[in-house]
Amino acid sequence: MKTVFLLFTCSTLIIGLSSCNNNSKETLSAEDNAVEIKVDSVLSKMTIEEKVGQMNQFSGDGAITGAIKAQPDLIDDIKNGNVGSMFNILGAENTREIQKLNMNNSRLKIPIIFGLDVIHGYSTIFPIPLGESASWDLEAMEKSARIAAIEASAGGINWTFAPMVDVGRDPRWGRVAEGAGEDTYLGSLIAAARVRGFQGKSLKDEESIVACAKHYAAYGAVMGGREYNTVDISDRTLHEVHLPPFKACVDAGVGTFMTAFNELNGSPTTGNSYLLKDILREQWGFRGFVVSDYSSIYDIISHGVAKDRGEAATIAANAGNDMDMGSVPYKDSLVSMVKAGKVKESTIDLAV
């Protein structure tokens, strides 16, 4: 059974995100508006260190996603309220213990969000997404996501890093298995169905988990099918082929987005304000939050766009990347970048 800590975590995250696609507080219900006021009141009490702490997501050791980077001071970070989210924590007993550590020790007692790659089932395993898409059965795909959400939420998970909605047309790219195939229209329908399945009728339902549209954007077009690589495509191809499934997720009410590892026409997607601000926020009206892919903020250095962690953190934060998954630039450098005037504190407040 879920403990009060897990219920508090779910309700705090999910009530806030349930109205994430509304354009103003005037459109919120009385309950949601009360949550907005509470969030603002907590934000006003936070130090810059605590704010940046909420923008960090760290991995546990329950499952392997990417190259594991040891965090020897993780326990202290949790106690100090400097962890916004954790992933790869398996089972209600483990999520409960970490949440207790946080709630019993941190100053402001902001619950940790628990995420996991629930890609094609949690306990009950379904066909891989590409296999499901071959059925063309939208109802069955939505139901499989609903079952996964029920099971994952019982294990203390609040958030899944799915659906993966990249259009994949190069079989050399190994991640085609995680998507819906090569057709933009079918992929858009499947993307919306899986969002509805994970999130259910209401994100306030304790058996719902927040979905995450990934990898934003055009990750399926990496040159030569090479992971983490370059994408060089026209604006027309971007908008007609690769963006529609992401727009379908927004229209279905998805709560979160994940940036991609690749660069797009010379600009890493994790630090691409055209994608994250101009299209996602302004054109589409997305009101949820954006998380990087695993260590992709640090990878801005690998792409040759940032010279060090501080510059990578600055680029990502200013572009609209709200949370750093499994990396170190936000943890190590973002506070100093704010104090140096390279990132406005209002930018941090918006992310938090």
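Which residues form one aromatic cluster with W159? The members are F87, W159, F161, F289 and Y294. This report treats a predicted model.

**Overall make-up**

The protein chain holds 15 helices and eleven strands. Of its 352 residues, 56% are buried. Contacts with a separation of 6 or more are 76% between residues 24 or more positions apart. The accessible surface of the protein chain is about 14,700 Å². Carbon and sulfur atoms own 53% of that surface.

**Strand β7 and its partners**

Strand β7 spans residues 256-259. Is β7 covered on one face or on both? Both faces are covered. T256 and M258 are buried on one side, F257 and T259 on the other.

β7 has a parallel pairing with β5, residues 212-216, over three bridges. Here A213 has F257 as its bridge partner. β7 also pairs in the parallel sense with β10, residues 289-291, again through three bridges. In that pairing M258 stands opposite V291.

**The nonpolar cores**

The largest nonpolar core contains 65 residues. The members that touch the most others are M86, W159, Y216, F257 and W284. Two of these names recur from above: F257 belongs to β7, and W159 to the aromatic cluster.

Y216 shows how such a member is surrounded. Neighbours within four places in sequence are left aside here. Y216 then contacts F257, M258 and T259 of β7. Its other contacts include L243, F246, A260 and T269. L275, L276, I279, L280 and W284 are also in contact with Y216. A second, separate core has 18 residues, among them A312, Y330, I348 and A351.

**Aromatic pairs**

The count of aromatic pairs comes to twelve. W173 and Y219 form one that is edge-to-face. Their centres are 5.2 Å apart, and the planes make an angle of 75°. W173 sits in the loop between β4 (159-160) and α8 (184-199). Y219 sits in the loop between β5 and β6 (230-231). The pair therefore ties together parts that are 46 residues apart in sequence. Are these two residues buried or exposed? W173 is buried, at 1% relative accessible area. Y219 is buried too, at 0%.

**A three-stranded open sheet**

Another element is an open sheet of three strands, in the order β6-β8-β9. Its pairing is mixed. β6 and β9 (267-268) are the edge strands, since each pairs on one side only. β6 and β8 (residues 263-264) run parallel and are joined by two bridges. V231 stands opposite L264 of β8.

**S133 in helix α6**

S133 lies in helix α6, which covers residues 129-133. Its relative accessible area is 5%, so S133 counts as buried under the 20% limit. Where do the polar atoms of its side chain find partners? Two backbone oxygens are listed below.

| Backbone oxygen | Distance to a polar side-chain atom of S133 |
|---|---|
| L130 | 2.7 Å |
| A180 | 3.3 Å |

Beyond its neighbours within four places in sequence, S133 is in contact with M141, G179, A180, L186 and I190. A180 thus appears both in the table and among these contacts. L186 and I190 fall within the range of α8, residues 184-199.

Terms used. Residues numbered from 1 in each chain as written. Predicted model: local features only at pLDDT ≥ 70, side-chain atom pairs only at ≥ 80, totals over all residues. Heavy atoms only, no water. Buried < 20%, exposed > 50% of the residue type's maximum accessible area, 1.4 Å probe, protein only. Helix = DSSP H or I, 4+ residues; strand = E, 2+ residues; numbered from the N terminus. Pairing = 2+ DSSP bridges. Core = buried A, V, L, I, M, F, W, Y, C linked by side-chain atoms within 4.5 Å. Contact = heavy atoms within 4.5 Å. Phe/Tyr/Trp six-rings, centres within 6.5 Å; stacked < 30°, edge-to-face > 60°. Areas by Shrake-Rupley, 256 points an atom, 1.4 Å probe, with all protein chains shown as cover. Polar contact = N/O pair within 3.5 Å; in protein donor to acceptor, adjacent residues only side chain to side chain.
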